[in-house]
Amino acid sequence: MNKETFTRLELVTQTFQHTSFKYLGYEDIKDYNLVLETHEIILIHGTDQASKLSEIIYACNDFEIFRKNLETYNEVLVKFIPKEWHEKLKELGYIDYAILRDYWLDNLSEFNKKHPNVTFATIKDAKSISDITKENAGASRAFHGDSVDFISSWIDGSNTTLIDLKAKNNQVYTYKTDNQILGIALTCIYANYSPKGPVLWLREIAIKKGYHGQGIGRRIILSALSEGLRNGARRSFLITDDLNLNAKYLYESIGFKPKMDEQQIDMISPNF
């Protein structure tokens, strides 16, 4: 797909009620192909680089038109399924891949202690951190781990997401014992001029294989919340998968509350 086609589709898909084109940049789908475009439906096909799954990006208003046109595609990932289509697609054999939900903690004032084993990562830690994230691939189907380059860009502030958010205080927290990294979390502070106060974003929390269930994730999060408060954050945000029950329990036990009126539903189509 060339840039001109992407720019045109970016505008056209906005006229549809339901679409998975949202939040995409050209680099995300430059190798995808436009396979169908009518006034009723748009389909774009390619391979999702994170999951390595065949993926359909769509724009459509009508469920029956969507269903009929997807019947020719076996086992493809479709993101941003409308909530009102969710159960209908389950009945047709579609499988939940991930149900991603925002979690918010609206007051950080009670968090005031950083654990002594929690430190800030440096560039030399990037490989170990990347390895831990990749070990956890599959804990949630939507979690695939991060590359060394991605981790390095988060530490040095060159990551495009950080730049787009005008984020500050970007950190990778590490939990270390005997100079070994056992857990990590990526954070930054954004929305610095929001009337509700700046937000600490917890982007990743991952624990080294063999060390789960020892409270390491909790210590990292509590330390990050405390440090975030010290650096001006007033609230915190993270995203987790409804299908990842252990993560949900941890976040809710700390005080994060799920936003129940919004979610990103991703599904895999059946082998028609």
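**Entry 1: the cavity lining by class.** I started with the character of the residues around the largest cavity: its lining has 3 nonpolar, 5 polar and 1 charged residues. A reminder to myself that this is a predicted model.

I then wrote down who they are. N169, Q171, Y173, T187, I189, L200, E227, G228 and N231 line the largest cavity. Strand 8 (168–177), strand 9 (180–190) and helix 8 (216–230) each give two or more residues to this lining. Which element gives the largest share of the lining? Strand 8 does, with 3 residues.

**Entry 2: how many, and how much space.** I looked up the number of cavities of 30 Å³ or more, and the count is 1. The space in the largest cavity is about 30 Å³. For my own memory, rolling a probe the size of a water molecule over the atoms shows where empty space is left.

**Entry 3: helix 8.** Since helix 8 had turned up in the lining, I followed it along its length. Helix 8 has 15 residues and spans 21 Å from first C-alpha to last, close to the expected 21 Å. Which of its residues are buried? I noted I216, G217, I220, I221, S223, A224, L225, S226, E227 and G228. Two of these, E227 and G228, I had already met around the largest cavity. After helix 8 comes G232, with a positive phi near 105°.

**Entry 4: positive phi without glycine.** I also looked for positive phi at residues other than glycine, and noted K166 and A191. K166 has a phi of about 55° and sits in the loop between helix 7 (160–165) and strand 8. Is K166 buried or exposed? Its relative accessibility is 67%, and the cut-off for exposed is over 50%, so K166 counts as exposed.

A191 likewise is not a glycine and has a positive phi of about 55°. I found A191 in the loop between strand 9 and strand 10 (199–207). A191 is at 25% relative accessibility, which lies between the 20% and 50% cut-offs, so it counts as partly exposed.

**Entry 5: cysteines.** My last look-up was for disulfides, and the count is 0. While there, I checked how accessible C60 and C188 are. C60 has a relative accessible area of 0%, so it is buried. C188 counts as buried because its relative accessibility is 0%. C188 falls within strand 9 (180–190), and T187 and I189 are both on my list of lining residues for the largest cavity.

Definitions and conventions
Residues are numbered from 1 along each chain as its sequence is written. This is a predicted model: local features need pLDDT of at least 70, side-chain atom pairs count only at pLDDT 80 or more; totals for chains, interfaces and linings use all residues. Side-chain values use heavy atoms; hydrogens and water are left out. On a 1 Å grid over the protein atoms alone, a cavity is a set of points where a 1.4 Å probe fits but cannot get out, and a pocket is an open set with protein on both sides within 12 Å along at least five of seven lines; lining residues have an atom within 4 Å of a point. Grid points are joined across faces, edges and corners, and a volume is the space filled by probe spheres set on the points. Helices (H or I, at least four residues) and strands (E, at least two) are DSSP runs, numbered from the N terminus. Ala, Val, Leu, Ile, Met, Phe, Trp, Tyr, Cys and Pro count as nonpolar, Asp, Glu, Lys and Arg as charged, and the others, Gly among them, as polar. The expected span of a helix is 1.5 Å times one less than its number of residues. Buried means under 20% relative accessible area, exposed over 50%, partly exposed in between (1.4 Å probe, protein chains only). A disulfide is a pair of cysteine sulfur atoms within 2.5 Å.
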